Amino acid sequence: MTDELNPLHDPSDRGFASDNYSGIHPEVLAAIVRANGGHQVAYGDDVYTADLQRVFREHFGEQAEAFPVFNGTGANVVALQAATARWEAVVCTTTAHIHVDEGGAPEHVAGLKLHTVDTPDGKLTPALLGTLPQERDGDEHFAQPRVVSITQTTELGTAYTAEEIRAIAEYAHERGWVLHVDGSRLSNAAASLGLPFRAFTTDVGVDILSFGGTKNGLMVGEAVVVLNPDAVRGVKFLRKTSMQLASKMRFISAQLIALLTDDLYLRNAEHANAMARRLAAAVDGVPGLSIARPVQANSVFPVLPVEVSKRLMEKFRFYFWDESTGEVRWMCGFDTTEADVDAFAAAVRAELGGV
């Protein structure tokens, strides 16, 4: 039965397809309402965006400067443009969101070449970066690497340790490159690692990052966060030319302030991660199902028969990751409940005869 206040959908409907499916966290929604009174100067000259700088510096260090944007693709495009010249390229994994899931925006909007590297677990390493053709350095026929872009947590649900990021940063900086982090799930990484943001970003050599909010309780909004101002240029201009400058920016900034206040980002992420672990444990050992990848954040990558997944999809939303192998992806969010997990796990067990 649908809620009388929500006639278009049943609020009890739950899925495991994406952490973007969730609603707005009540504390974030309250922050939007509080920001709604009176007039504020447009385009970021408001009191909320000014205070947002203080908040980000508390988490990332005194040099940090945050530029709120609408979405993660926009954050990545602005950040990567700011760190590259027109003849330069970005190095990323073959599974990177900027390569696979952004509709070619880095190429189309930013005019960037992406050099991709295969990885077994979604994570780059200095050794893997060393597979790039070194003999092409300075070759005018080859787009010159300038930025290494890593995703934290990765598209395969794995988390880089602080030491792993430091090693990549040192490799990049030795070559005069810049390290960018696509942090759409940076809060989930903080929860997984048990570390404050600064410990695995600023303090280990990250130059610029895209900070995610929408997957962790915001209605809309991410941020480009500059950690090393010497590594980038023109962010405020690129944000405008990339159509990511919000006129009523106070409403994005107010949400980000709420997320970064009283550890809301961490509470949400810890819960999402815990629900993923609960789900993985609930189906562990079920005949015909295996977990393909480590559960280090809020995603589970099981392998099960394709026809079973298709039947389950009729009641629970989720996606194939690789239909040829039967691998699917189950995502948990800040609003996933233990009851959601238990009901889904029971349906999986019933389909596979593991009740």
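How much space lies in the largest cavity? About 60 Å³. The legends below start from that spot and then move through other parts of this predicted model.

**Close-up 1. The largest cavity and the residues around it.** Rolling a probe the size of a water molecule over the atoms shows where empty space is left. Counting those of 30 Å³ or more, this structure has two cavities. The largest cavity is lined by Leu-132, Pro-133, Gln-134 and Asp-137, together with Phe-142, Pro-145, Arg-175 and Trp-177. Sorted by character, this lining has five nonpolar residues, one polar and two charged.

**Close-up 2. The second largest cavity.** Here the volume is about 40 Å³. Around this space you will find Thr-153, Thr-154, Glu-155, Gly-157 and Arg-185, along with Asn-298, Ser-299, Phe-301, Arg-329 and Met-331. The lining of the second largest cavity divides into five polar residues, three charged and two nonpolar.

**Close-up 3. A cis peptide bond at Thr-153.** Thr-153, one of the residues lining the second largest cavity, deserves a view of its own. The peptide bond leading into Thr-153 from Gln-152 is cis, with omega near -5°. Thr-153 sits in the loop that runs between β4 (144-151) and α7 (162-174). Most residues other than glycine have a negative phi, and most peptide bonds are trans.

**Close-up 4. Asp-262 and its positive phi.** Asp-262 is not a glycine, yet its phi is positive, at about 55°. To find Asp-262, look in the loop between α10 and α11 (264-283).

**Close-up 5. An open sheet of seven strands.** Strands of a sheet pair through backbone hydrogen bonds, either parallel or antiparallel. In this sheet the pairing is mixed, and the strand order reads β1-β7-β6-β5-β4-β2-β3. Because β1 (65-69) and β3 (113-117) stand at the edges with a single partner strand each, one side of each has no neighbour in the sheet. From one strand to the next, the twist averages 25°.

**Close-up 6. Strands β6 and β7, with two helices packed on the sheet.** Strands β6 (residues 208-211) and β7 (residues 222-226) run antiparallel and are joined by four bridges. To follow one of these bridges, start at Ser-210 and cross to its partner Val-224 in β7. Helix α2 (residues 47-60) packs on the sheet and touches β1, β6 and β7, its direction making about 125° with that of β1. Helix α10 (residues 250-259) also packs on the sheet, with contacts to β1, β6 and β7 and an angle of about 120° between its direction and that of β1.

**Close-up 7. A salt bridge within helix α2.** Side chains of opposite charge can pair when their charged atoms come close. Arg-54 and Asp-51 form a salt bridge, with 2.7 Å between the closest N and O atoms. These partners are three residues apart in helix α2, so about one helical turn separates them. Across the whole structure, a search finds 13 salt bridges.

**Close-up 8. Leu-245 and its contacts.** Leu-245 belongs to the loop between α9 (235-241) and α10. Which residues does Leu-245 touch, not counting those up to four places away in sequence? They are Tyr-43, Phe-70, Arg-239 and Lys-240. Leu-245 and Val-69 are 176 residues apart along the chain, and their C-alpha atoms are separated by 6.3 Å.

Technical notes:
Residues numbered from 1 in each chain as written. Predicted model: local features only at pLDDT ≥ 70, side-chain atom pairs only at ≥ 80, totals over all residues. Heavy atoms only, no water. Pairing = 2+ DSSP bridges. Axes fitted to C-alpha atoms, helices over the stretch in contact; angles between N-to-C directions. Contact = heavy atoms within 4.5 Å. 1 Å grid on protein atoms, 1.4 Å probe; cavity = no way out; pocket = protein on both sides within 12 Å on 5 of 7 lines; lining within 4 Å. Points joined across faces, edges and corners; volume = space filled by probe spheres on them. Nonpolar A, V, L, I, M, F, W, Y, C, P; charged D, E, K, R; others polar. Salt bridge = Lys/Arg side-chain N within 4 Å of Asp/Glu carboxyl O.
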